[in-house]
Amino acid sequence: MSDQPELLFIDGEWREANDGRRFEVEDPADGSVLARVADAGEVDAADALDAAVAAQAAWAATAPRERGEVLRAAYELIIERTDDFARTISLEMGKPLAEAAGEVAYGAEFFRWFAEEAVRIHGRFMSAPDGKSRLLTLKRPVGPCLFVTPWNFPLAMGSRKIGPALAAGCTVVVKPAEQTPLTMLKLADLLREVGVPAGVVNVVPTSDAATVVSALMGDDRLRKVSFTGSTEVGKILVRQSADHLQRVSMELGGNAPFVVFEDADVDAAVAGAMIAKMRNMGEACTAANRFLVHADVADAFATALAEKMGAMTVGRGQDDGTQVGPLIDSDAVESVSQLVTDAVHDGATVVTGGTAPGGPGHFYPPTVLTDVPAEAQINSVEVFGPVAPITTFTSEEDAVAAANATPYGLVAYAWTKDLARVMRLQESLQSGMIGINTGLVSNPAAPFGGVKESGFGREGGFEGIEEYLDTAYVALPAG
Ligand code: ADP
């Protein structure tokens, strides 16, 4: 990929790693090497943080409108270059080009949304209850931030953090996933081009995330860490943040229940399931993980879903007609295969799919399982692949109990035409987001985030920028 930046981006410059090392980025469709990217180590991490710290005061002092306009320009240019970004995303991550273009539109939108939020940062002024003093609050940027992002949405998982941070006046160091650094490097180049000053955004791909991230978090000048990834790694980072009490936002794993009640529009629920399950090949923390379907409609739902999933075209993301690309790596295929084998062992029936084709590339077919016992492992872990396990229920109470029977709490989907039930569900489902009669909740204008072991903090919406702002309070005499 010759026109693609493959170096570290530090202080507005493209650099080799201090020790000259590079690591390989692979095409998940065939294992071929797409690029050899500079491999940051501790010294490079320190350089990146130095640059972010040096740029912090000047960036925080820019006019909000100026920051907003740079972000708006980033939005426009990403959209203009949709095809180029989509191709890079598709190549390094595997998803079909059409889905990659969807990610570009979604990812770019965070720059537009936060361009608009940059000029709406405000505090308050009020009289103390006893009338003797006045209270003034103002918002300040938290300071230099570290972003650790996953491979499943190489652009959007970064822009969702960079947009609000830059709008708030923070500088950032981004550590993209080792599987997919190319999209983030391309974004860094675009941000430079639209006028983001040197040092405000730095990108340090590395094959040794643990070392680079610990080095950065061991520095008390770093004031904030925002992470999207597994709950396991999230917990490590929360522990590490304790040494310097860095602020943290954690977008972690999910185990989304997709509940179809007996009064649901089954065709609409199947169409929603196709989105909630198959978007990104099921490699999304919001992916429907467990299908809980009322026994009265379970057969109709399973048959229609299996027909649609079984008809999908699996192939290279860049090929015409591909609807399902490869999974990210061989470990992913192995883990999905194992979950399916175990479920079948526990009594599940394979309605479609169920066997990895083998051969080059990390492919796994869309798979529907019925009669999955509630206690099967596939119902308790994040599948992160194109497998829909269906379990039945007979009462709303049981469905809600099953939906909540997980340490996770990111998103829950429910299908029903009963308004009173909707009102009950929005209070009883333990998750940060709830989709009612829809298979898609992500929206740049909405607060994305979880509860329980899915983490804390919100991205997008009016809430998103608050993650990057501290509140300062000034006490004033009444006069
Ligand atoms: P996944 O299993 O989906 O790859 P991870 O949580 O392992 O999710 O990875 C998400 C991000 O966290 C990636 O950028 C990865 O490099 C980074 N990462 C993985 N392990 C660590 C660690 N020990 N410390 C810091 N970052 C890590």
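Strand β12 (residues 256-260) pairs with β17 in the parallel sense, over 3 bridges. The model is predicted. Within this pairing, Val259 stands opposite Ala414 of β17. Strand β17 also pairs with strand β18 (residues 433-436). That pairing is parallel too and spans 4 bridges. Here Ala412 has Ile434 of β18 as its bridge partner. A helix joins the picture: β17, helix α13 (residues 419-428) and β18 make a β-α-β unit. The unit is right-handed.

Strand β17 itself covers residues 411-415 and is mostly covered, with 5 of its 5 residues buried. Its side chains point in two directions. Val411, Tyr413 and Trp415 point one way. Ala412 and Ala414 point the other way. Both sets are buried. Ala414 is thus described twice: buried in β17, and opposite Val259. Ala412 is likewise buried, with Ile434 as its bridge partner in β18.

The cysteines were examined next. The count comes to 0 disulfides. The closest cysteine sulfur to that of Cys145 belongs to Cys170, at 4.1 Å. A disulfide requires sulfur atoms within 2.5 Å. The Cys145 sulfur is therefore too far from that of Cys170 for a bond. Cys170 is likewise in no disulfide, and its nearest cysteine sulfur is that of Cys145. Cys145 counts as buried because its relative accessibility is 0%. Cys170 also counts as buried, because its relative accessibility is 0%.

Methods. Residues numbered from 1 in each chain as written. Predicted model: local features only at pLDDT ≥ 70, side-chain atom pairs only at ≥ 80, totals over all residues. Heavy atoms only, no water. Buried < 20%, exposed > 50% of the residue type's maximum accessible area, 1.4 Å probe, protein only. Pairing = 2+ DSSP bridges. Right-handed = clockwise from strand over helix to strand, strands pointing away.
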